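Have the sequence and the 3D view open side by side. We'll take a walk through this protein, starting with its cysteines and then moving outward to the rest.

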Amino acid sequence: MSMANQTTVTEFIFLGLSSDPLLQTFLFLVFLAIYLTTLGGNVSIMLVRRADPHLSTPMYFLLSHLSFSDICFCSVTVPKMLETLLSERKTISVSCCFTQMFFLLLSGCSEVFILSAMAYDRYAAICNPLHYMRTMSKCVCSQLVAGAWLTGSLYALINTLPLLALHFCGPNTINHFSCELPSLVALSCSETLTSDLVFLTSALTIGLVSFSLTLGSYIHILTTILRIRSAEGRRKAFSTCSSHLIVVGLCYGSGFFRYFRPNSASSVVLDGLVSIQYSILTPMLNPLIYSLKNKEVKAALRRLWGGKNHLAPR
């Protein structure tokens, strides 16, 4: 059939996680609780960083922007997912789907470069502590964050533009709960070579550059820690990086597995579980990891939510 005789798709249908009404209600309650926890945890990190002078350091400035990125990341998909779990019409317009995909790519890419900036912050604090405040000045931190969001915007834009040129004539069912680029490209009736090449090239570039920056920082950090003679000194130095290392592992591990695993390891269920892990669970876990493993954050949160007047320096 010629392209002219094919019907143009105007909306996509999410198959979601389940077609069982009872299970959908249960999943709605679970993901609503996760989303509210994510919002509460990340907003708390942002508020406590602004309210408590103990946390007015570059590390917590970057942490507050990571929290903002997490809020954006999960808010792009979870509200629509909650709507489709309760709705009989599990549809999304093509334009809204493309918009969702754009902001998914933007917030995801921005997050990995914010994590790279946080790794550089730990490098400056541990490897060059005497010049830390000059190395991580307010201007430098702002530039790092602005660079992360600018890179994310460019990454999202160069992957969205080729998608706009594709023709969708059916089927229009997305075997997923959100509009991710691989799922959309698979539904196109037209040639997808350009879109595939742009996505593969840009994703590899972004992944390798951000990961190399993070890895390079931690190689220097590890070298410096191993030179510390006392075991207590090594433990204290490493403890300042442990939360960040856990978050980096969650982010890169699930992301690389989702997009760069072999085809033999692909399945609808596995793809869905991995996507839930990095786009829904990780934004919830990040503030929990930082608050549970960081005494300063825990103390500041107690002061903020405990209603005690301990915001002045001791």
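Let's begin with a pair of cysteines that sit out of sight: C97 is buried, and so is C179. Keep in mind as you look that this is a predicted model. These two cysteines form a disulfide, with their sulfur atoms 1.9 Å apart. C97 belongs to helix α3 (residues 94–127), while C179 sits in the loop between β3 (173–174) and α6 (181–185), so the bond ties together parts that are 82 residues apart in sequence. The torsion about the S-S bond is about -115°, so this disulfide is left-handed.

There's another disulfide to find, this one joining C169 to C189 with an S to S distance of 1.8 Å. C169 is in the loop between α5 (138–164) and β3, and C189 is in the loop between α6 and α7 (193–227); the two are 20 residues apart, and their bond links distant parts of the chain. The torsion about the S-S bond of C169 and C189 is about -110°, so that disulfide is left-handed too. As for exposure, C189 is partly exposed, because its relative accessible area is 27%.

That brings the count to 2 disulfides. If you number the bonded cysteines along the chain, they pair up as 1-3, 2-4. What about C241? This cysteine is in no disulfide, and the nearest cysteine sulfur, that of C127, is 8.6 Å away. With a relative accessible area of 1%, C241 is buried. C251 counts as buried as well, at 15% relative accessibility.

Now zoom out. The protein's secondary structure comes to 10 helices and 3 strands. Reading along the sequence, you meet them in the pattern β-α-α-β-α-α-α-β-α-α-α-α-α. Of the 314 residues, 46% count as buried. Among the contacts with a separation of 6 or more, 79% are between residues 24 or more positions apart. On the outside, the protein exposes about 15900 Å², and carbon and sulfur atoms supply 67% of that area.

One spot on that surface is worth a look. L157, I158, L161 and L164 make a nonpolar surface patch of about 360 Å². L161 is found in helix α5, and at 49% relative accessibility this leucine counts as partly exposed.

Next come the charged pairs. Side chains of opposite charge can pair when their charged atoms come close. A search of the whole structure finds 4 salt bridges, and we'll visit some of them. Take R89 and E11, whose closest N and O atoms are 3.3 Å apart. R89 lies in the loop between α2 and β2 (91–93) and E11 in strand β1 (residues 11–14), so this salt bridge ties together parts that are 78 residues apart in sequence. R89 counts as exposed at 54% relative accessibility, whereas E11 is partly exposed at 26%.

Another salt bridge stays inside a helix: K80 pairs with E83, with 3.2 Å between the closest N and O atoms. The two are separated by about one helical turn, because they are 3 residues apart in helix α2. K80 counts as buried at 18% relative accessibility, and E83 is partly exposed at 42%. Helix α2 (residues 58–86) also holds T84, which is buried with a relative accessible area of 8%. Leaving aside neighbours within four places in sequence, T84 is in contact with F14 and K90.

Further along the chain, R235 and E232 meet in a salt bridge at 2.7 Å, N to O. They too are separated by about one helical turn, being 3 residues apart in helix α8 (residues 231–260). R235 is partly exposed at 48%, and so is E232 at 40%.

Finally, how confident is the predictor in all this? The mean pLDDT is 85, and 90% of the residues reach 70 or more. Confidence is highest in α5, at 95, and lowest in helix α10 (residues 295–305), at a mean of 73. Over residues 1–5 the pLDDT is below 50, and this stretch has 4 contacts beyond near neighbours in sequence. Residues 308–314 are also below 50, with 11 such contacts in the model. Where pLDDT is low, the predicted coordinates should not be read in detail.

Note on methods
Residues numbered from 1 in each chain as written. Predicted model: local features only at pLDDT ≥ 70, side-chain atom pairs only at ≥ 80, totals over all residues. Heavy atoms only, no water. Disulfide = S-S within 2.5 Å. Helix = DSSP H or I, 4+ residues; strand = E, 2+ residues; numbered from the N terminus. Buried < 20%, exposed > 50% of the residue type's maximum accessible area, 1.4 Å probe, protein only. pLDDT = per-residue confidence, 0-100. Contact = heavy atoms within 4.5 Å. Patch = residues over 30% accessible without salt bridge, like charges linked within 9 Å, V, L, I, M, F, W, Y side chains within 5 Å. Areas by Shrake-Rupley, 256 points an atom, 1.4 Å probe, with all protein chains shown as cover. Salt bridge = Lys/Arg side-chain N within 4 Å of Asp/Glu carboxyl O.
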